[in-house]
Amino acid sequence: MRIGVNMAASVSGRRRETRTLSQLNSVSVLYPVLVLYCLSVLPVAAKRDNLRVITDENWEEILTGEWMIEFYAPWCPACQQLQSVWKEFADWGEDIGVSIAKVDVTEQPGLSGRFIITALPAIYHCKDGVFRRYQGARTKEDFLSFIDEKKWQNIEPVSSWFGPSSLMMNMMSALFKLSMFIRQCHAYLTEQVGIPVWGSYIIFGLVTLFSGLTLGLVLVFLADFVFPSRRFSSSAYYQKKHAMEQARLRQQLEEEQEADGEEEEDEDEYVGSVEEWSREGVKEDTVRRRAAGGGEEEDT
């Protein structure tokens, strides 16, 4: 019995050793594969992180530091050709101290209006909130030389009036967002609900009409509140206005009286001067007559 038990124990021990060896062999085979996989995947992940994605929520990050931003659309052929070059350029961003980013204008219409994007792809250089439009060649070497040699200093910056953080561009961004919202509503009504295109246009026309009427009423109420009409004015307002009118009339009357007094003084002075002139004329005539009479006596 003891011999059988010992044999069974030895057999089970050998089986355990065999399993352990097989597990070690499998781990030793899989370990290099895992290492190679990690080495091949991690650089790709690091490269993807170098290219930042800018949205309406985080766009203010580009106001600090140095950035190169590309505005593109997935349907644009020129943008598709530039994507590989832009990714290669993004891999150099950390080495040259520049953050590389991209903006999809189809998903971020507010940024498209904020930067007035009229052609695709559009590239902007930003240094501490000062924006410049890149107009050079679109190769990795040209991008690198543009940053290394600081060629952006030779480009005139965007005016502060048209800067992305200005009031005008904020309004433009809101307008582009509204237009995209209307477009999405139109697509929903025609594609999901099944309303004809002309029916969607009628709906938007009615909405525009009623919104205009509502806005007009609001403006009228605000105008009446700021500048109330006479029917809703208080008695104190009328008393104050009446007192101001009386004061104005008194001042006008005093000015007229002063003007009349000055005219009377001028008339008196004129009359006095005329009288003096007449007296002097009489004296001159008398002297002339006397002189003439004396001459006649001498002749006789």
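Helices (H or I, at least four residues) and strands (E, at least two) are DSSP runs, numbered from the N terminus. This is a predicted model, so local features need pLDDT of at least 70 and side-chain atom pairs count only at pLDDT 80 or more, while totals for chains, interfaces and linings use all residues. Residues are numbered from 1 along each chain as its sequence is written, and side-chain values use heavy atoms, with hydrogens and water left out.

**View 1. The span at residues 202–227 is 96% helix and 0% strand.** From one end C-alpha atom of this span to the other is 37 Å. The UniProt record (an unreviewed entry) puts the feature "transmembrane region" here and also at residues 29–46. A word on that record: its positions are given in the numbering used here, feature names are shortened, and annotations may be inferred rather than shown by experiment.

**View 2. Here's the whole chain, with eight helices and five strands.** Follow the sequence and you get the pattern α-β-β-α-α-β-α-β-β-α-α-α-α. Of the 300 residues, 22% are buried (under 20% relative accessible area; exposed is over 50%, partly exposed in between, with a 1.4 Å probe and protein chains only). The accessible surface adds up to about 22800 Å², and 59% of that belongs to carbon and sulfur atoms (areas come from the Shrake-Rupley method with a 1.4 Å probe; for residues, only the protein chains shown count as cover).

**View 3. Five strands make an open sheet in the order 1-3-2-4-5, with mixed pairing.** Two strands pair if DSSP finds at least two bridges between them. Strand 1 (51–53) and strand 5 (130–133) are the edges: each has a single partner strand, so one side of each has no neighbour in the sheet. From one strand to the next, the twist averages 30 degrees. Zoom in on strand 4 (residues 122–127) and you'll find four bridges to strand 5, with the two running antiparallel. Lysine 127 sits opposite valine 130 in strand 5.

**View 4. Helix 2 (residues 77–91) packs on the sheet.** This helix touches strand 1, strand 2 (66–72), strand 3 (99–104) and strand 4 (contact means heavy atoms within 4.5 Å). Its direction makes about 160 degrees with that of strand 2. Helix 5 (residues 140–148) lies across strand 2 and strand 4, at about 145 degrees to strand 2. For these angles, axes are lines fitted to C-alpha atoms, for helices over the stretch in contact, and angles run from 0 to 180 degrees between N-to-C directions.

**View 5. Now for the aromatic rings, which form nine pairs.** Rings of Phe, Tyr and Trp (its six-membered ring) pair if their centres lie within 6.5 Å; planes under 30 degrees apart count as stacked, over 60 as edge-to-face and the rest as tilted. Phenylalanine 71 and phenylalanine 115 have ring centres 5.0 Å apart and planes at 50 degrees, so this pair is tilted. Phenylalanine 71 lies in strand 2 and phenylalanine 115 in the loop between helix 4 (109–114) and strand 4, so the pair ties together parts 44 residues apart in sequence. Phenylalanine 71 is buried at 1% relative accessibility, and phenylalanine 115 is buried at 6%.

**View 6. Tyrosine 134 and phenylalanine 146 meet with their planes at 85 degrees, so the pair is edge-to-face.** Their ring centres are 4.8 Å apart. Tyrosine 134 is in the loop between strand 5 and helix 5, phenylalanine 146 is in helix 5, and the two are twelve residues apart. Both belong to one aromatic cluster with Trp86, Phe89 and Phe143.
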